[in-house]
Amino acid sequence: MNELESMRVFLRVAELSSFTAAAAALGMPRASVSTAVQRLEERVHARLLHRTTRRVRLTQDGEVFAERARDLVGDFDELTQLFDEQGPAVRGRLRVDMPLGVSRVVLPRLGELFAAHPELQVELSSTDRYVDVVREGFDCVVRVGPRGDSALIARPIGSYAMVNCASPAYLARYGTPAGVEDLPGHRLVHYASVLGQGTSTFEYLDPSTGGEAEVAMPWALAVSSSDAYLAACHAGFGLIQVPLAGVRADLERGALVEVLPAYRPAPLPLAFLFPHRRHLPRRVRVFMDFVAAIVRPTTIEGGLRGTRRFARRPGRSRPAASVPRGR
């Protein structure tokens with residue numbers, strides 16, 4: 001048995017937490033399964049499994065090895081089917097990251113992807129921080145805003161139209177700004193991925209010049225997550241600037257109100273980023289195509305331009321998907 005097959009055996013034992021169950025699943029004698037794992041441990045000079053009479057579990061070294069082995073086995077399987085007339089099967093594990101607001105659009109549809117590719121596994125990270133794509137082992141990430149790491153390859157999806165929002169309660173208390181000259185008398189909800197950093201500014205495209213401009217504004221509440229950012233706006237703590245796609249429903253039912261529509265921020269680019277590879281695994285390409293098809297209709301290029309103004313109508317407030325500027 002070669003080392004690749006030994007890895008397959010090891011991964012099945014780790015998955016089922018049992019030599020006996022793995023042997024049954026693989027159609028092999030239990031002794032052969034045990035020997036394959038033992039020889040693999042000797043080859044890598046590390047104990048990969050804790051063995052007891054009741055169960056088998058990964059050691060710390062085993063967890064690290066299993067993570068890399070899954071990717072290696074998946075890549076090899078894909079490579080061996082590269083010239084299959086029907087195309088290589090989509091299998092193996094995929095590690096991806098996307099903002100919370102984007103994940104809320106994608107997650108309800110993931111069942112379609114698994115139905116089409118039942119051997120695919122997806123590890124989905126969804127946070128408001130910029131992950132280190134290479135160091136943390138991500139196959140691809142979805143980024144909203146500046147590209148950041150220039151060493152990564154970018155695949156554009158589109159761009160998000162942005163809007164300025166406030167709650168009806170906030171406007172009842174502070175009034176509705178008629179122009180940017182009124183903003184010093186208002187408050188922003190301050191978003192910072194790391195609290196204590198950054199300045200609180202209202203960003204907009206100047207109608208007279210078409211260029212980007214900003215106005216410094218006071219704030220009473222700073223948050224570090226997109227969920228809290230939107231919730232703070234609903235609670236009346238200040239204005240926010242978010243993609244139209246994430247708050248469109250709230251605007252249409254009057255739970256939020258668009259303010260200063262003539263002074264919207266510049267659109268935010270939306271793209272996949274992934275490490276440079278000569279041969280990008282098919283599972284990554286299939287996943288990106290799937291997500292792009294879901295997300296693109298919520299972009300300017302997909303038709304959601306946000307040219308209409310939203311009338312103020314009564315309605316109950318509830319959280320909706322949002323992505324603060326810069327994420």
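**View 1. Glu-252 is partly exposed, at a relative accessible area of 32%.** Here, partly exposed means between the two limits, with buried under 20% relative accessible area and exposed over 50% (1.4 Å probe, protein chains only). Before going on, note that this is a predicted model, where local features need pLDDT of at least 70 and side-chain atom pairs count only at pLDDT 80 or more, while totals for chains, interfaces and linings use all residues. Residues are numbered from 1 along each chain as its sequence is written, and side-chain values use heavy atoms, leaving out hydrogens and water. Back to the close-up: the partner of Glu-252 is Arg-248, and their salt bridge has its closest N and O atoms 3.4 Å apart. A salt bridge is a side-chain nitrogen of Lys or Arg within 4 Å of a carboxyl oxygen of Asp or Glu. Arg-248 is partly exposed too, at 23%. Both residues sit in helix 9 (residues 244-252), four residues apart, or about one turn of the helix. Helices (H or I, at least four residues) and strands (E, at least two) are DSSP runs, numbered from the N terminus.

**View 2. Glu-67 and Arg-95 join up across the chain.** Their side chains meet in a salt bridge with an N to O distance of 3.3 Å. Glu-67 belongs to helix 4 (residues 60-80) and Arg-95 to strand 3 (residues 92-97), 28 residues apart. Glu-67 is partly exposed at 30%, whereas Arg-95 is buried at 18%. They have company: a salt-bridge network links Glu-67, Arg-93, Arg-95 and Glu-123. In total, the model has 13 salt bridges.

**View 3. Arg-109 pairs with Glu-112 in a salt bridge.** The closest N and O atoms are 2.5 Å apart. Arg-109 is partly exposed at 35%, and so is Glu-112, at 41%.

**View 4. Five strands make an open sheet, with helix 10 lying across them.** The strand order is 4-3-5-14-6 and the pairing is mixed. Strand 4 (120-125) and strand 6 (153-160) are the edges, each pairing on one side only. Neighbouring strands are turned by 20° against each other on average, direction ignored. Two strands pair if DSSP finds at least two bridges between them. Strand 3 and strand 5 (residues 140-144) run parallel and are joined by two bridges. Look for Asp-97, which stands opposite Val-141 in strand 5. Helix 10 (residues 282-295) lies across strands 3, 4, 5, 6 and 14 (strand 14 being 268-274), at about 10° to strand 6. Contact means heavy atoms within 4.5 Å. Axes are lines fitted to C-alpha atoms, for helices over the stretch in contact, and angles run from 0 to 180 degrees between N-to-C directions.

**View 5. Tyr-204 and Tyr-263 form an edge-to-face pair.** Their ring centres are 5.6 Å apart and the planes stand at 75°. Rings of Phe, Tyr and Trp (its six-membered ring) pair if their centres lie within 6.5 Å; planes under 30 degrees apart count as stacked, over 60 as edge-to-face and the rest as tilted. Tyr-204 lies in strand 9 (residues 201-205), and Tyr-263, 59 residues away, is in the loop between strand 13 (257-258) and strand 14. Tyr-204 is buried, at 9%. Phe-202 joins these two in a cluster of ring pairs, and the model's count is five aromatic pairs.
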